[in-house]
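The two exercises below concern strand pairing and a contact between chains. Please work through each one with the sequence and the structure in view before reading its solution.

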Amino acid sequence: MKLQIMKIALLLLMVLGAATAGFSQAKKPTLMVVPSDVWCNTNGYMQVYDDQGTKVKIPDYKRAFQENSDLLAVISKVNGMMAERGFPLKNMESVIKTLESERAENAILTSKSGAGVSESPMDKLKKTAKADIIIQLTWDVLKTGPKKSVRFTMQGLDAYTDKEVATAGGTGNPSFSAETAVLLEEAVADKVDNFNAGLQRHFDDLFANGREIIIRIKKFDSWKNDLETEYGGKELNVVIEDWVRANSLKGRFSNSDATENMMLFEQVRIPLYDANGNAIDARGFARGLQKFLAAAPYSIVNKLTAKGLGQAVIVLGEK
Amino acid sequence: MLMLLITGFSSVVSAQTNKKANEDTEAWRYELEVAGTGVQGTYLLKVWSYSKKPNVAIEQAKKNAVHGIIFKGFAGDQGILGKPPLVTNSNLEQEKDEWFKTFFADGGKYMKFVSLASDGAVAAEDRMKVGKQYKIGVLVSVNVALLRKDLEDAGIIKSLNAGF
């Protein structure tokens, strides 16, 4: 009797496990609307600082969100239309506010013994508003005599591969009487469907051919070996390249750069799920390489860091 | 008796005209022209349909508009972007033949998503005689957001977040 109950329980567990694997969902990319540098520059939302004698301009997003109501209306319209399609976007203004409050909290957070929160310079650098796909917006109002029209461009940029995965743009109908706000609303309504068609093509490609990621290999200068060191008659860079070839989907990748100190793998296509049916991203994929290098015969201590879903960095030599 | 015969004959002729219009739709014999930017979630189109009877062409315009948005898409004009079709699989029409037959049947579900923008009034320049047929241009408004949602719920097309 006890044996029978155990058998039934085991069977139930197996069925549940299979069902979970079957319903496992791929990791959903995050999207965020960002005004382009050109828009910020044209509308005067830039900060200028002196970088060793060279004047460098960077967009001042916070001021743009606080001062420009057209920007707010356009972003809100895009967000609303994307939410209708089941793809709510991250709101950049809220992300900036959350980052600021977290920074303030971290500065004052202490334990009862007086310990503060650990934060390396790298942690600080990574605290920026980010998303997997950036929807970059640019628009300007064109005037011909009394007629006004809006030139509007939406670009979907993959934050890791830098590829433009979706785009829609064009100049709207000129009008004598319509307000700029109305023309902008019209422009968004007209462009979003075409933009989403491009995004759908990108997602279809992702499900058919795997996620496209970037892997960087680096070394700490304290490590006495490098990527040309031989292990069992093979240089380390060849060993790593062979691993990437064997584990990427259909062996698709390009090794764009390789020196004794670094390697760059671009357009690496990885499966959306691992062998257990769990959804994986660049970090999950690179963890395999990390373990492979840490194990014998290589026994290389290494550090793995990730950036979103699509970029992983392995630094050899130390943790 | 004569009256019965006449009535019977006229309904057969009317059914034949409707059948011909449906065949034209299936053979892509219609043209879509963008007529303006509709309110959010809708497309405003001028649909050119063919029939021996103008009223059949006007009614068929609704079906042609939905058919075109699903399978054909349309080109842009004067500052308004053209739109790609809702389906991305070019063989879907054959693969889901039965479902689309019910959807596009006379008085079928397609009616839910389309309305005549000008209450069926046709401008004089939008009524042309081509051989023995009329070519009629009718302004229609299609609720694309609702149509897309309906097709997604029926599993005909994938939603943007499918698989995530």
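**Exercise 1.** Determine in which sense β12(A) and β13(A) pair, and then place both strands in their sheet.

Solution. Strand β13 (residues 311-316) of chain A and β12(A) pair in the antiparallel sense over six bridges, where strands are DSSP runs of E of at least two residues, numbered from the N terminus, and pairing requires that DSSP finds at least two bridges between two strands. Within β13(A), A:Ala312 is the bridge partner of A:Ala306. This is a predicted model, in which local features need pLDDT of at least 70 and side-chain atom pairs count only at pLDDT 80 or more, while totals for chains, interfaces and linings use all residues. Residues are numbered from 1 along each chain as its sequence is written, and chains are lettered from A and ligands numbered from 1 in the order in which they are written.

Next, the sheet is open, has five strands with mixed pairing, and follows the order β10-β11-β7-β13-β12 in chain A. Its edge strands, each pairing on one side only, are β10 (254-258) and β12 (302-307) of chain A.

**Exercise 2.** Find how many residues of chain A are in contact with chain B, and which element supplies the largest share.

Solution. Counting contacts (C-beta atoms, placed from the backbone, within 7 Å), 24 residues of chain A meet 15 residues of chain B. On the side of chain A that touches chain B, β6 (164-171) and α7 (180-209) of chain A each supply at least two residues, and the largest share, 11 residues, comes from α7(A), helices being DSSP runs of H or I of at least four residues.

Terms used. Contact = placed C-beta atoms within 7 Å.
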